[in-house]
Amino acid sequence: MTSTMDYQQVLEHIAEEIARTPGRGRSADYIPALAARDPRAFGMAVAELDGTVHGVGEWREPFSTQSITKVFTLALDLAHEGDELWEHVGREPSGNPFNSLVQLEYENGIPRNPFINAGALVVTDRLHTRTGDAAGELLRLLRAESGNPDLDFDLAVAASEAAHGDRNAALGHFMASYGNIDNPVPLLLDQYFRQCSITASCADLALAATLLARHGIRADGTRLLTRSQAKQVNAVMLTCGTYDAAGDFAYRVGLPGKSGVGGGIIAVVPGRCALCVWSPGLDERGNSVAGVAALDLFTTLTGLSVF
């Protein structure tokens with residue numbers, strides 16, 4: 001699996017298989033902009049380490065990135081503060097829904113991992129303390145790594161999430177009561193909802209994720225993360241990146257991955273390539289049905305896996 005033609009052929013084969021799949025799940029319905037998306041839409045891209053991108057279907061169609069951005073916020077904060085972050089957020093799968101309050105009380109306000117909502121709020125809070133603009137830093141990173149200066153926030157989506165943001169506000173206030181949040185919760189929520197609202201395509205996100213496939217080296221050749229930090233991010237993606245279905249995802253796909261309720265999933269093949277697949281129909285755990293199936297097919301057809 002080294003030639004350009006191979007990736008494209010694999011993607012086209014996957015698209016044909018996915019087109020024959022009957023059930024595709026349901027689009028997220030709590031954000032109007034997401035509910036309006038066709039659950040059967042499908043796009044997939046593979047980005048090689050040199051920036052070559054292969055795609056199929058609606059791979060250049062922008063969609064709402066949602067929780068996928070948590071990977072890049074984590075990378076930025078690790079670059080700023082290093083291991084100190086892990087005193088404030090864990091690295092274990094939660095086994096509970098991504099917006100659960102349950103574990104926080106008996107774990108003293110320390111979220112189980114950076115990819116559930118509580119953990120992502122902590123990471124955003126800490127990045128904001130260090131930069132003064134967590135969402136802006138994230139957007140600049142994604143624009144640079146994707147090579148797309150037009151990436152931007154979707155303020156209508158951010159406003160819609162804020163209007164349904166009571167659970168996230170509760171998480172923020174609860175952690176603040178334990179001293180695990182630095183910034184005022186309303187300010188933190190604004191930063192968090194804006195970062196989740198960024199719109200990007202499969203091509204954009206596959207290119208951005210090559211940062212992790214290159215072991216922390218950016219598109220311009222500079223190093224954002226140490227090799228060890230890039231390994232840490234990939235490891236947490238593998239064990240915690242698909243909500244409470246991470247074990248099943250590791251079993252089926254065998255790659256570090258991170259999903260979002262907009263229907264996107266990024267995945268990383270360290271040292272080889274990065275992928276992004278998008279299909280808005282979700283399963284009951286918030287992961288794209290066709291997206292997981294497509295990544296399962298990709299690793300089956302190519303033999304590319306971390307195992």
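**Figure 1. Strands β1 and β2 pair in a hairpin of the predicted model.** Methionine 44 has valine 56 of β2 as its bridge partner. Strand β1 covers residues 43-48 and strand β2 residues 53-57. The two run antiparallel. Five bridges join them. Four residues lie between the strands of this hairpin. Glycine 51 takes a positive phi there, near 95 degrees.

**Figure 2. Tyrosine 7 stacks with phenylalanine 298.** The structure holds four aromatic pairs. In this one the ring centres are 6.4 Å apart. The planes differ by 5 degrees, so the pair falls under the 30 degrees that count as stacked. Tyrosine 7 belongs to helix α1 (residues 4-19). Phenylalanine 298 belongs to helix α13 (residues 289-302). The pair therefore ties together parts that are 291 residues apart in sequence. Both tyrosine 7 and phenylalanine 298 are buried.

**Figure 3. Phenylalanine 63 stacks with tryptophan 278.** The ring centres of phenylalanine 63 and tryptophan 278 lie 5.4 Å apart. Their planes meet at 10 degrees, so this pair is stacked. It links distant parts of the chain. Phenylalanine 63 sits in strand β3 (residues 63-64). Tryptophan 278 sits in strand β7 (residues 273-278). In sequence, phenylalanine 63 and tryptophan 278 are 215 residues apart. Phenylalanine 63 has a relative accessible area of 1% and is buried. Tryptophan 278 is also at 1% relative accessibility, so it counts as buried, the limit being under 20%.

**Figure 4. Two arginines lie over aromatic rings.** Arginine 60 lies over the face of tryptophan 59. The distance from the ring centre is 4.1 Å. At the second site, the charged end of arginine 194 sits over the ring of phenylalanine 153. Here the distance from the ring centre is 5.0 Å.

**Figure 5. Asparagine 117 lies in helix α5 and is buried.** Helix α5 covers residues 117-131. The relative accessibility of asparagine 117 is 6%. That value is under 20%, so asparagine 117 counts as buried. Leaving out residues up to four places away in sequence, asparagine 117 touches Lys70, Phe98, Asn99, Asn168, Leu171 and Tyr192. Alanine 134 is 17 residues from asparagine 117 along the chain. The C-alpha atoms of asparagine 117 and alanine 134 are separated by 16 Å.

**Figure 6. Glycine 136 is found in helix α6.** This helix covers residues 134-146. Glycine 136 has a relative accessible area of 8%. It is therefore buried, as the value is under 20%. Glycine 136 and glutamate 61 are 75 residues apart along the chain. Their C-alpha atoms are separated by 23 Å.

**Figure 7. The setting of the close-ups is a protein of 13 helices and seven strands.** Its C-alpha trace spans about 55 × 40 × 35 Å along the principal axes. The radius of gyration is 18 Å. A compact globule of 307 residues would have a value near 19 Å, which agrees. Of the 307 residues, 59% count as buried. The protein exposes about 11700 Å². Carbon and sulfur atoms supply 51% of that area. Among contacts between residues at least 6 apart in sequence, 69% join residues at least 24 apart.

Terms used
Residues numbered from 1 in each chain as written. Predicted model: local features only at pLDDT ≥ 70, side-chain atom pairs only at ≥ 80, totals over all residues. Heavy atoms only, no water. Phe/Tyr/Trp six-rings, centres within 6.5 Å; stacked < 30°, edge-to-face > 60°. Buried < 20%, exposed > 50% of the residue type's maximum accessible area, 1.4 Å probe, protein only. Lys NZ or Arg CZ within 6 Å of the ring centre and 35° of its normal. Pairing = 2+ DSSP bridges. Rg over C-alpha atoms; globule rule 2.2 N^0.38 Å. Contact = heavy atoms within 4.5 Å. Areas by Shrake-Rupley, 256 points an atom, 1.4 Å probe, with all protein chains shown as cover.
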